[in-house]
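Hi everyone, thanks for coming. Have a look at the model on the screen, and we'll walk through it together.

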Number of protein chains: 2
Amino acid sequence: MKTEHELPAGLDDTLGWLLAQVFQNHLSASQRALEGFPGSQRGYMVVNAAAHGCARNQIDMANQLRLDRTVMVYLVDQLVEAGLVERVPDPADRRSKMIVATDKGRVRLEEATAVLRFVDDHVLAPLEPGERAHLREMLQRLTAHYLATGGDYREACATAAAATDK
Amino acid sequence: MKTEHELPAGLDDTLGWLLAQVFQNHLSASQRALEGFPGSQRGYMVVNAAAHGCARNQIDMANQLRLDRTVMVYLVDQLVEAGLVERVPDPADRRSKMIVATDKGRVRLEEATAVLRFVDDHVLAPLEPGERAHLREMLQRLTAHYLATGGDYREACATAAAATDK
DNA sequence: GACAGACAATCTGTAAAACAGATTATCTGT
DNA sequence: ACAGATAATCTGTTTTACAGATTGTCTGTC
């Protein structure tokens, strides 16, 4: 059953390549699964964040989701047009607009979340159940660490530069 | 020491988001590390593949690396100009050109590989040594499985569609 | 041996996406 | 009241991916 497929020589040890493969793999799979969802995975992320209400305004949300502020504009435009979220002016600061999910948005979010769970299962099919949980947990830890350190890689680059100087 | 950083609510369980974070994290780190390398990570991949000689011609290599054939043209152009690879016409088929690494290319490849190892270590810093190996191995397994099944997700989408029909 | 169809590499043009900078309305502090 | 900062938006530029046409070459058939 398990066809031992040959990985391209030299790249099989390149972490960046492996990450790219798995990521793009999952990306294209969820792209199909989210077909019809405005803004695709990014739209999903925005509605998700809106439903959890963890962002005060658009820029705040853009930062949390690592999206450009100008991208955020037309992303939210799409979602508003589809009736999944609303731009609610913050009474305390009329410059800010809070992105809140509509009831319809919450329903679509639930559906999409369920569909994405199937995608996850499919992508992680070759792993044991315990391994899947472990992978998830490791990715969470890596992400949390990255966010905590503010994505600062000056140290890493300095180390790398020192290595090449030899 | 270990600052438990809060992950955005709702997204912390989204595998696609976690993969995106870690991937883009690694991507930007290696981008800096490969500064000056023609074509950046893609150029690195091409030289790597060229050094291992596992592709008969440009299109073959493009397929293995999941690159568009027209992208391959100007990617190889850059690398040829930098003297890292050469386009050698295949005597057996003059339409084909084999991409072979020059001595200079092999040296640069070695250097870049060493630098990338530091990037890997930095990105995976929050994991135990044993976990890093396990993560690598799992990613390899997922990639191998994906390549073996030809990236065919019709089954997954059918399953997902059935789930939403309920 | 000529010809049709396929294929490798390349070129050209187009469409989409990301992003920097300016703009408008609003807030804050002095 | 005014200067400077900030949120959202708009505008234009640049990059990028990609589809389609083009050229040279191969393969098979009649």
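Let's start with Thr113(A): is this residue buried, partly exposed or exposed? Thr113(A) is partly exposed, because 16 other C-beta atoms lie within 10 Å. To be clear about the words, a residue is buried if 20 or more other C-beta atoms lie within 10 Å of its own, exposed if 12 or fewer, and partly exposed in between, with C-beta atoms placed from the backbone. Thr113(A) sits in helix α5 of chain A, residues 103-123. Its C-alpha atom is 9.2 Å from that of Asn48(A), although the two residues are 65 apart along the chain.

A quick word on where this comes from. This is a predicted model, in which local features need pLDDT of at least 70 and side-chain atom pairs count only at pLDDT 80 or more, while totals for chains, interfaces and linings use all residues. Residues are numbered from 1 along each chain as its sequence is written, and chains are lettered from A and ligands numbered from 1 in the order in which they are written.

Now chain A as a whole. It has seven helices and two strands, in the order α-α-α-α-β-β-α-α-α along the sequence. Here helices (H or I, at least four residues) and strands (E, at least two) are DSSP runs, numbered from the N terminus. Of the 166 residues in chain A, 37% are buried.

What about the inside? The largest nonpolar core has 86 residues, and Val46(A), Val47(A), Val85(A), Val46(B), Val47(B) and Val85(B) have the most contacts inside it. By such a core I mean a set of buried Ala, Val, Leu, Ile, Met, Phe, Trp, Tyr and Cys residues joined through C-beta atoms within 7 Å. Leaving out residues up to four places away in sequence, Val46(A) touches, among others, Met61(A), Leu65(A), Leu75(A) and Ile99(A). Touching, or contact, means that the C-beta atoms of two residues, placed from the backbone, lie within 7 Å.

On to the two chains. How many residues of chain B are in contact with chain A? There are 66, and they meet 66 residues of chain A. Helix α1(B) gives the most to that side of chain B, with 16 residues. By class, the side has 39 nonpolar, 20 polar and seven charged residues. For these classes, Ala, Val, Leu, Ile, Met, Phe, Trp, Tyr, Cys and Pro count as nonpolar, Asp, Glu, Lys and Arg as charged, and the others, Gly among them, as polar.

Chain B superposes on chain A by a rotation of 180 degrees with 0.0 Å of shift along its axis, at an RMSD of 0.1 Å. The two copies are therefore related as by a two-fold rotation axis. The fit is by least squares on the C-alpha atoms of residues with pLDDT of at least 70 in both. Also, 100% of the interface residues of chain B are interface residues in chain A too, so the copies meet through the same surface.

Finally, the DNA. Around strand C there are 17 residues, and Arg94(A), Asn57(B), Gln58(B), Ile59(B) and Arg95(B) come nearest. Near means that a residue's C-beta atom, placed from the backbone, lies within 6 Å of the molecule or strand. Helix α4(B) gives the most to this surface, with four residues. DNA strand D is also surrounded by 17 residues, the closest being Asn57(A), Gln58(A), Ile59(A), Arg95(A) and Arg94(B). There, α4(A) gives the most, with four residues. Thanks for listening!
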